[in-house]
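Open the model in your viewer, show it as a cartoon, and keep the selection box handy. We will go from stop to stop, selecting a few residues each time and looking at what surrounds them.

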Amino acid sequence: EIPEFNDTPDEAMAAAENAQNGVIDLTNNIAGGVYTITSAGDYKFTCKESLETSNRIVVDGKNISAEANINIYLDNVNIKTSVGPALKIDDTVNAKVTIYLTGTNNLIAIDQRSAGLQKNNKVQLIITSASNATTGSLKASGVYGAGIGSSYDGSCDNITINSGFIDAKSEFGAGIGGGYYGSCDNITINSGSVNAESWHSAGIGGGYYGSCNNITVNGGSVTASSAQG
């Protein structure tokens with residue numbers, strides 16, 4: 001059962017001290033511009049009134065066991081940053097990460113080497129709508145990094161989309177998959193509406209000069225396009 005969002009002042013203050021409670025508003029000042037997740041559990045983010053922010057989310061797995069679960073709830077998050085990925089699952093993460101979507105979410109990386117939603121590892125990443133009644137959406141984009149997947153010269157495995165409206169784009173990396181010179185194996189789409197675009201790489205699959213094994217589409221509406229990939 002998906003926890004409901006609660007943005008009361010007390011809950012928001014508790015969230016700043018303990019991310020297990022409340023909703024983190026990314027439009028507030030965050031030390032260093034990065035909200036870092038360092039333990040397993042539920043983390044809920046929003047951008048007040050859908051305002052654009054450069055504050056980013058990073059999952060640091062150094063102290064999180066491989067058997068744990070990290071659940072990230074995005075509710076109208078609107079990140080556009082020139083410093084690294086908008087949402088980064090660090091190379092140290094070994095635990096499964098599930099991203100739940102509510103409303104309209106944007107993860108835009110202007111930094112050329114980064115992906116919008118970045119993972120350079122084999123950890124399982126699942127993206128799904130948070131509600132069966134209202135479909136959440138995610139727009140993610142990179143330049144040399146993938147829209148969803150690895151950075152420039154990075155590789156990633158195990159990306160699963162279970163539901164939601166997903167729009168992933170990159171110029172030199174894959175829309176979903178590897179960044180420029182990057183590879184990505186085991187991409188699965190079970191349901192939802194997915195659009196993945198790239199100019200120089202695959203819509204879904206490997207980045208420019210990269211490779212990919214095992215792309216599975218079990219359902220949903222999927223469009224993948226490339227101009228020169």
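Begin by selecting I166 and V194: I166 stands opposite V194 in β18. The model you are looking at is predicted, so treat each stop as a feature of that prediction.

Now widen the selection to strand β15, residues 165–170. Two neighbours flank the view. Strand β18 (residues 193–198) is joined to β15 by 6 bridges, and the two run parallel. Strand β12 (residues 137–142) also runs parallel to β15, again with 6 bridges. On that β12 side, L138 has I166 as its bridge partner in β15.

Stay on β15 and show side chains. Which residues make the covered face, and which the uncovered one? I166, A168 and S170 are on the covered face, while F165, D167 and K169 are on the uncovered one. In a regular strand the side chains alternate between the two faces of the sheet.

Next, select strand β14, residues 156–161. How many of its residues are buried? The count is 6 of 6, so β14 is mostly covered, given that buried means under 20% relative accessible area. Colour T160 to follow a path across strands: T160 is the bridge partner of I126 in strand β11, and T188 in β17 is the bridge partner of T160. The β11 strand (residues 125–129) runs parallel to β14 with 3 bridges. On the other pairing, β14 and β17 (residues 184–189) are parallel over 5 bridges.

Zoom out to see the sheet that holds these strands. Select β1, β3, β5, β8, β11, β14, β17 and β20: in that order they form an open sheet of 8 strands with parallel pairing. β1 (24–25) and β20 stand at the edges with a single partner strand each, so one side of each has no neighbour in the sheet. At the β1 end, the partner is strand β3 (residues 41–46), paired in the parallel sense over 2 bridges. Pick I24 there and you will find F45 of β3 opposite.

Now move to G207, in the loop between β19 (204–205) and β20 (215–217). Is G207 buried or exposed? Its relative accessibility is 7%, so G207 counts as buried, the limit being under 20%. Select its contacts beyond four places in sequence: A174, G178, G179, G182 and S201. For a distance to check in the viewer, the C-alpha atoms of G207 and I176 are separated by 9.0 Å, with their positions 31 residues apart along the chain.

For a surface stop, select I215, V217 and V222, which make a nonpolar patch of about 220 Å². V222 sits in strand β21 (residues 221–226). With a relative accessible area of 31%, V222 is partly exposed.

Finally, clear the selection and take in the whole chain. The protein has 1 helix and 21 strands. Its C-alpha atoms fill a box of roughly 50 × 35 × 35 Å along the principal axes. The radius of gyration is 16 Å, in agreement with the value near 17 Å for a compact globule of 229 residues. Of those residues, 53% count as buried. The exposed area is about 9,900 Å², with carbon and sulfur atoms supplying 42% of it. Among contacts with a separation of 6 or more, 76% come from residues 24 or more positions apart.

Conventions: Residues numbered from 1 in each chain as written. Predicted model: local features only at pLDDT ≥ 70, side-chain atom pairs only at ≥ 80, totals over all residues. Heavy atoms only, no water. Patch = residues over 30% accessible without salt bridge, like charges linked within 9 Å, V, L, I, M, F, W, Y side chains within 5 Å. Areas by Shrake-Rupley, 256 points an atom, 1.4 Å probe, with all protein chains shown as cover. Salt bridge = Lys/Arg side-chain N within 4 Å of Asp/Glu carboxyl O. Helix = DSSP H or I, 4+ residues; strand = E, 2+ residues; numbered from the N terminus. Buried < 20%, exposed > 50% of the residue type's maximum accessible area, 1.4 Å probe, protein only. Contact = heavy atoms within 4.5 Å. Rg over C-alpha atoms; globule rule 2.2 N^0.38 Å. Pairing = 2+ DSSP bridges.
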